[in-house]
Amino acid sequence: MPVPDAARSAASPASNWPAILTWRAYDVPRMESVRVQLSGDRIKAAGRIVGAQCAEHPAFSASYDLVTDENGVTRRLSVRTTLAAGERHMSISRSEEGIWMVDNGTQHQRSAFGGALDVDVILSPFFNALPIRRYGLQSGADELEVPVVYVNLLDLGIEEATLVYSSAADGIHVLSPVSSSSVTVDGDGFVVNYPGLAGRI
């Protein structure tokens, strides 16, 4: 029996998007869920991370919105974090000339951040997909140093950092300022398992 056009298109890879991806932390009470829209290499994402108080962090809730350009380079990110003590908000945008503008409501900062094309947010496995997808690391690659705008989710502090990605027998090895681990990803480059951080459910 012929497959109806609707069923055939539903089985195509493009039908996987938009999608909601959800991760659960391994050793602490924390989860992340994000709605991801893909258009070629362009990503639009709206996510939330919620954590209960534990030895690693206070109780918090954070939301973010990310937009990249057609090459997967970050164009803008907005983050809102709520703790018992209050709420913080920050927006980051990158110009076509490579200058990042950071605004947290009280301070404005302009920097090239070492030529960074990506943001990386601590406690989030989602943001690793940005360089993984852009460089095709899910298909294997040599060691690669990736400068990033590194965002501390809890106090919204920002610093320049370099992450090192390399292919490993057990996945993609990621060396960040706070950890070293080999992650596994799906065919689209989104993290499935990040030992020590979180796994997709």
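Leaving aside neighbours within four places in sequence, which residues is leucine 130 in contact with? In this predicted model, the list runs to Ile43, Leu66, Thr68, Thr74, Asp118 and Val119. Leucine 130 itself sits in helix 2, and with a relative accessibility of 2% it counts as buried, because the cut-off for that label is under 20%. One of its partners, valine 119, is eleven residues away along the chain, and the C-alpha atoms of the two are separated by 8.1 Å.

Valine 119 also turns up in the nonpolar core. The largest such core has 51 residues, and those with the most contacts inside it are Leu66, Leu77, Ile92, Val119, Phe126 and Phe127. Strand 10, which covers residues 144-151, gives the most to this core, with five residues. As a bit of background, nonpolar side chains in soluble globular proteins tend to be buried together. Leucine 77 makes a handy example of what goes on in the core. Not counting residues up to four places away in sequence, leucine 77 touches Tyr64, Asp65 and Leu66, then Met90, Ser91 and Ile92, and finally Val119, Val121 and Phe127. Leu66 and Val119 come up again here, as both are also in contact with leucine 130.

Next come the aromatic rings. A search of the whole structure finds five aromatic pairs. One of them joins tryptophan 17 and phenylalanine 190: the pair is tilted, at 5.2 Å centre to centre and with 40° between the planes. Tryptophan 17 lies in the loop between helix 1 (5-10) and strand 1, while phenylalanine 190 lies in the loop between strand 13 (180-185) and strand 14 (191-194), so this pair ties together parts that are 173 residues apart in sequence. Tryptophan 17 is buried, its relative accessible area being 15%, and phenylalanine 190 counts as buried too, at 0% relative accessibility.

Phenylalanine 190 has another ring partner in phenylalanine 126. Their ring centres are 6.2 Å apart and their planes are at 15°, so this pair is stacked. Here too, distant parts of the chain are linked: phenylalanine 126 belongs to the loop between strand 9 (118-121) and helix 2 (129-134), phenylalanine 190 to the loop between strand 13 and strand 14, and the two positions lie 64 residues apart in the count along the chain. Both phenylalanine 126 and phenylalanine 190 are buried. Taking in the wider group, Trp17, Tyr64, Phe126, Phe127 and Phe190 form one aromatic cluster. Two members of that cluster, Phe126 and Phe127, are also among the core residues with the most contacts.

The backbone has a few quirks of its own. Most residues other than glycine have a negative phi, and most peptide bonds are trans. Against that background, a cis peptide bond joins tryptophan 17 and proline 18, with omega at about 0°. Proline 18 is found in the loop between helix 1 and strand 1. Leucine 123 has a positive phi, near 80°, and is found in the loop between strand 9 and helix 2. At 13% relative accessibility, leucine 123 counts as buried. Leucine 156 shows a positive phi as well, near 60°. Its place is in the loop between strand 10 and strand 11 (158-168), and leucine 156 is buried, with a relative accessible area of 8%.

Leucine 123 also leads on to the empty spaces in the model. The structure holds one cavity of 30 Å³ or more, and the largest cavity has a volume of about 50 Å³. Its lining is made up of Trp23, Arg24, Ala25, Arg30, Met31, Glu32, Ile49, Leu123, Pro125 and Ala198. Strand 1 (19-25) and strand 2 (30-39) are the elements that give two or more residues to this lining. By class, the lining has seven nonpolar and three charged residues, with no polar ones.

The largest pocket, with a volume of about 320 Å³, is lined by 22 residues. Lying nearest its centre are Ile122, Leu123, Val178, Ser179 and Leu197. By class, the pocket lining has twelve nonpolar, six polar and four charged residues. Leucine 123 thus has a place in the linings of both the largest cavity and the largest pocket.

Terms used
Residues numbered from 1 in each chain as written. Predicted model: local features only at pLDDT ≥ 70, side-chain atom pairs only at ≥ 80, totals over all residues. Heavy atoms only, no water. 1 Å grid on protein atoms, 1.4 Å probe; cavity = no way out; pocket = protein on both sides within 12 Å on 5 of 7 lines; lining within 4 Å. Points joined across faces, edges and corners; volume = space filled by probe spheres on them. Helix = DSSP H or I, 4+ residues; strand = E, 2+ residues; numbered from the N terminus. Nonpolar A, V, L, I, M, F, W, Y, C, P; charged D, E, K, R; others polar. Core = buried A, V, L, I, M, F, W, Y, C linked by side-chain atoms within 4.5 Å. Buried < 20%, exposed > 50% of the residue type's maximum accessible area, 1.4 Å probe, protein only. Contact = heavy atoms within 4.5 Å. Phe/Tyr/Trp six-rings, centres within 6.5 Å; stacked < 30°, edge-to-face > 60°.
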